[in-house]
Amino acid sequence: MFTGIIEASGIISQITTEGTNVHFDLNSSLANELKIDQSLAHDGVCLTVVKTSPESYRVTAIQETISKTNLAEWKVGKSVNLERCMPANGRFDGHIVQGHVDQTGVVKAVTDQGGSWLFDFEFDNQFGNVTVEKGSITINGTSLTCFNSGPGRFSVAIIPYTYEHTNFHQLKVGDLVNLEFDILGKYIQRIIRGYELP
């Protein structure tokens with residue numbers, strides 16, 4: 001489990017295709033602390049570390065993951081938001097994040113507000129995902145608060161620290177982002193709609 005508080009960034013150094021799987025090699029300051037089989041969120045996507053070195057590591061994405069996230073658009077040199085799993089004795093600074101991306105969204109507008117930035121997003125609401133005013137959302141692994149919430153759209157405000165220490169400063173209109181909707185909201189919605197829970 002994650003909390004949506006970004007620890008560090010990783011820079012993609014190599015992308016290798018093997019059948020339908022894709023291996024991503026990344027350079028990061030976290031590399032020397034990682035272990036094989038460890039889960040690590042990459043722009044909100046939980047991936048397993050399969051190889052390590054003092055300065056870099058490798059993760060592998062299967063076709064299912066690639067088809068439901070923005071990983072197909074990743075290029076060498078891209079900066080990726082990283083978060084390790086929450087330790088059992090850690091502080092819960094964000095919200096409950098599983099690292100299971102629900103769908104992608106699109107940056108519709110970026111507005112510099114002279115000290116913060118307003119990002120407007122749209123997403124396909126045919127999958128039944130919803131946001132609520134002042135509710136939680138995970139964008140590229142970052143825990144944020146929604147406002148201007150409506151069917152298939154919402155906004156977030158980004159403070160300077162988050163803007164500088166995540167890849168939000170690289171986002172531009174038209175970019176795809178990974179969205180994970182609030183797990184509590186998803187369960188409540190299914191109960192209200194009368195779906196059978198597993």
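This report describes the strand architecture, the packing of selected residues and the cysteines of a predicted model.

Local features are reported at pLDDT of at least 70 and side-chain atom pairs only at pLDDT 80 or more, whereas totals for chains, interfaces and linings use all residues. Residues are numbered from 1 along each chain as its sequence is written, and side-chain values use heavy atoms, with hydrogens and water left out.

## Barrel

Helices (H or I, at least four residues) and strands (E, at least two) are DSSP runs numbered from the N terminus, and two strands pair if DSSP finds at least two bridges between them. On this basis, 6 strands form a closed barrel in the order β1-β2-β5-β4-β3-β6, and the pairing is antiparallel. The average turn between neighbouring strands of this sheet is 45 degrees, direction ignored; axes are lines fitted to C-alpha atoms, for helices over the stretch in contact, and angles run from 0 to 180 degrees between N-to-C directions.

Within the barrel, β4 (residues 45–52) is joined to β5 (residues 56–61) by 3 antiparallel bridges. Thr-52 has Tyr-57 of β5 as its bridge partner.

## Open sheet

A further antiparallel arrangement is an open sheet of 7 strands, ordered β10-β9-β13-β7-β8-β12-β11. Its edges are β10 (142–145) and β11 (147–150), each of which pairs on one side only. In this sheet, neighbouring strands are turned against each other by 35 degrees on average, direction ignored.

Strand β13 (residues 176–181) pairs with β7 (residues 103–112) in the antiparallel sense over 4 bridges. Gly-105 is bridged to Val-177 of β13, and Thr-104 stands opposite Asn-178 in β13. Strand β9 (residues 136–139) also pairs with β13, over 3 antiparallel bridges, with Ile-137 bridged to Phe-181. Of the 6 residues of β13, 5 are buried; buried means under 20% relative accessible area, exposed over 50% and partly exposed in between, with a 1.4 Å probe and protein chains only.

## Helix α3

Helix α3 (residues 183–192) has Ile-183, Lys-186 and Gln-189 as buried residues. Viewed down the axis of α3, the buried residues fall within an arc of 125 degrees, so they line one face of the helix; the arc is that of the directions from the helix axis to the C-beta atoms. These buried residues pack against β13, where contact means heavy atoms within 4.5 Å. On the other side of α3, Leu-184, Ile-191 and Ile-192 are exposed.

## Individual residues

The relative accessible areas of five residues are listed below.

| Residue | Relative accessible area | State |
|---|---|---|
| Asp-43 | 0% | buried |
| Cys-46 | 28% | partly exposed |
| Thr-69 | 8% | buried |
| Phe-121 | 1% | buried |
| Cys-146 | 0% | buried |

Asp-43 lies in the loop between β3 (39–42) and β4. Leaving aside neighbours within four places in sequence, the contacts of Asp-43 include Trp-74, Lys-78, Val-80, Asn-140 and Asn-178.

Thr-69 is located in the loop between α1 (63–68) and β6 (79–84). The side chain of Thr-69 reaches the backbone oxygen of Thr-65 at 2.8 Å, and a polar atom of that side chain lies 3.3 Å from the backbone nitrogen of Leu-71. A polar contact is a pair of N or O atoms within 3.5 Å; within protein, one must be able to donate a hydrogen and the other to accept it, and residues adjacent in sequence count only if both atoms are side-chain atoms. Not counting residues up to four places away in sequence, Thr-69 touches Val-45, Val-101, Thr-104 and Asn-178. Asn-178 is thus a contact of Thr-69 and of Asp-43, and it is the residue of β13 opposite Thr-104.

Phe-121 belongs to strand β8 (residues 117–122). Among the residues touched by Phe-121, beyond those up to four places away in sequence, are Val-106, Ile-139, Phe-154, Phe-168 and Val-177. Phe-121 and Ile-139 are 18 residues apart in sequence, with a C-alpha to C-alpha separation of 9.9 Å.

## Cysteines

A disulfide is counted for a pair of cysteine sulfur atoms within 2.5 Å, and the count comes to 0 disulfides. For Cys-46, the closest cysteine sulfur belongs to Cys-85 at 5.8 Å, too far for a bond.
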